Amino acid sequence: MLLIVKTPFNGQEEIMDMRVIHYFLAAAREGNITKAAKRLHMTQPTLSRQLAELESELGARLFERSSRRITLTSEGILFRRRAEEMEELLAKTKEEISSGEELAGTVAVGGGELLVTSVFVSLIRKFQKEHPHVFFDYQTGVTDRVTERMDMGLIDAAVLVRPFDSVKYDSVPIGPDARWGVIMRADDPLAEKESIRKEDLLGKTVILPGRLELNAEIANWLGSVRKTITSPIKWDLGGSRVILAEDPGCYVITTEGAAALFDERRLSFLLLEPKRKIETVIAWKKDQPFGRAAEAFIRFLQKEAAEKGL
């Protein structure tokens, strides 16, 4: 199969044989030309020639070669990422096109570690009861990374946190909105309070959200206190960020969705005061061709939102 792709090195559109991309990925995964050739049922010289032609076509060296192993160059690492995305997109497209009359296939969805994840999952399960041959691939990530994969056609629908580019995406609301708070050790003196005001964090070590827009929102809440805190690391996903709160004197600002993931015997979660929240929706890219299963799921989401008056 031939693909027209824009190379990440010179930005030019090239016609590329998907088989050669498959050869490249096999070599990258095996780390050895001979082993890759054996796996591909072809001779080592043939594979070497194909890879050399690929490098010539791209105008970049993809491999560092030694007598026993091959390793990816920085350009090779970038091309591997793009090649795997192309491979994934091709497999997804084949599945969507080849599904029979019965609704079947895989719908790729995504979202972060949010309070509304359980609501989204309940909608997925309700849809699956009506269409038992439709399966879901849930990919976790922050809004910016999820929308990047949506733009590439690798995710069909996802839970997004505002703000995002509403011109590019259609959406339906999903609730409840999650409130911001602070996670800390249960034996911390601040854990005795009913809520956390910005003055409570004066001079503390505070872990902030990694996403730029959310970081700016919390910085706005902190005001002048922001200049006094130490923030040694930013962390995208709230659930994994919680582990930093295990350190004495470390305070993690995150949302209620992440708060549901920790052990309340060791850690405490207190809401910010004045209260702040994030708004979430289920979104999909406008004017995007979808497979039958994904299209049916989107119609289902719109119907559910309409019935609930959202």
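**Helix packing, buried cores and backbone features**

In the predicted model, P45 and S56 are exposed on helix α3, on the other side from its buried residues. The buried residues of α3 are L47, L51, L54, E55 and L58. Around the helix axis these buried residues cover an arc of only 95°, which means that they lie on the same side of α3. Helix α3 comprises the 15 residues 44-58, for which a rise of 1.5 Å a residue gives an expected span of 21 Å; the C-alpha atoms at its ends are 21 Å apart, so expectation and model agree. The residue that follows α3 is G59, with a positive phi near 70°.

The packing of α3 against the preceding helix was examined next. Two packed helices are described by the angle between their axes and the distance between the axes. For helix α2 (residues 33-40) and α3, the axes come within 9 Å and cross at roughly 105°. Because angles of 65 to 115 degrees count as roughly perpendicular, α2 and α3 are assigned to that class. On the α2 side, the contact is made by I33, T34, A36, A37 and L40, and on the α3 side by Q44, L47, S48 and L51. L47 and L51 thus appear both in this contact and among the buried residues of α3. The loop between α2 and α3 contains H41, a residue other than glycine with a positive phi, near 60°. H41 has a relative accessible area of 75% and is therefore exposed, the threshold being over 50%.

For the protein chain as a whole, the secondary structure comes to ten helices and 15 strands. Of the 310 residues in the chain, 45% are buried. Among contacts between residues at least 6 apart in sequence, 72% join residues at least 24 apart.

In soluble globular proteins, nonpolar side chains tend to be buried together. The largest nonpolar core in the model has 47 residues, and the residues with the most contacts inside this core are L201, I253, I282 and F297. Helix α10 (residues 292-307) supplies the largest share of this core, namely eight residues. A second, separate core consists of 24 residues, including V20, L54, I70 and F79. L54, a member of this second core, is also one of the buried residues of α3. With residues up to four places away in sequence left out, I282 touches F120, L123, A157, A158, V159, D170, S171, V172, I174 and L301.

Helix α10 also contains E304. The relative accessible area of E304 is 8%, so this residue counts as buried, for which the limit is under 20%. Not counting residues up to four places away in sequence, E304 touches L123 and K126. L123 is accordingly touched by E304 and also by I282.

A buried position outside the helices and strands is provided by A245, which lies in the loop between α8 (238-241) and β12 (250-255). A245 has 0% relative accessibility and therefore counts as buried. Beyond its neighbours within four places in sequence, A245 is in contact with I183, M184, R185, C250, V252 and L267. One of these partners, R185, is 60 residues from A245 along the chain, yet the C-alpha atoms of the two residues are separated by 6.2 Å.

Several further loops carry notable backbone geometry. The peptide bond from R162 to P163 is cis, with omega near 5°, and P163 is placed in the loop between β7 (157-161) and β8 (169-173). A cis peptide bond also runs from E273 to P274, where omega is near 0°; P274 belongs to the loop between β13 (267-271) and β14 (277-278). In the loop between β15 (280-285) and α10, D287 has a positive phi of about 55° although it is not a glycine. With a relative accessibility of 81%, D287 counts as exposed. Positive phi in a residue other than glycine is thus found at H41 and at D287, and exposure is assigned to H41 as well as to D287.

Key. Residues are numbered from 1 along each chain as its sequence is written. This is a predicted model: local features need pLDDT of at least 70, side-chain atom pairs count only at pLDDT 80 or more; totals for chains, interfaces and linings use all residues. Side-chain values use heavy atoms; hydrogens and water are left out. Helices (H or I, at least four residues) and strands (E, at least two) are DSSP runs, numbered from the N terminus. The expected span of a helix is 1.5 Å times one less than its number of residues. Buried means under 20% relative accessible area, exposed over 50%, partly exposed in between (1.4 Å probe, protein chains only). The arc is that of the directions from the helix axis to the C-beta atoms. Contact means heavy atoms within 4.5 Å. A nonpolar core is a set of buried Ala, Val, Leu, Ile, Met, Phe, Trp, Tyr and Cys residues joined through side-chain atoms within 4.5 Å. Axes are lines fitted to C-alpha atoms, for helices over the stretch in contact, and angles run from 0 to 180 degrees between N-to-C directions. Angles under 35 degrees count as roughly parallel, over 145 as roughly antiparallel, 65 to 115 as roughly perpendicular and the rest as oblique.
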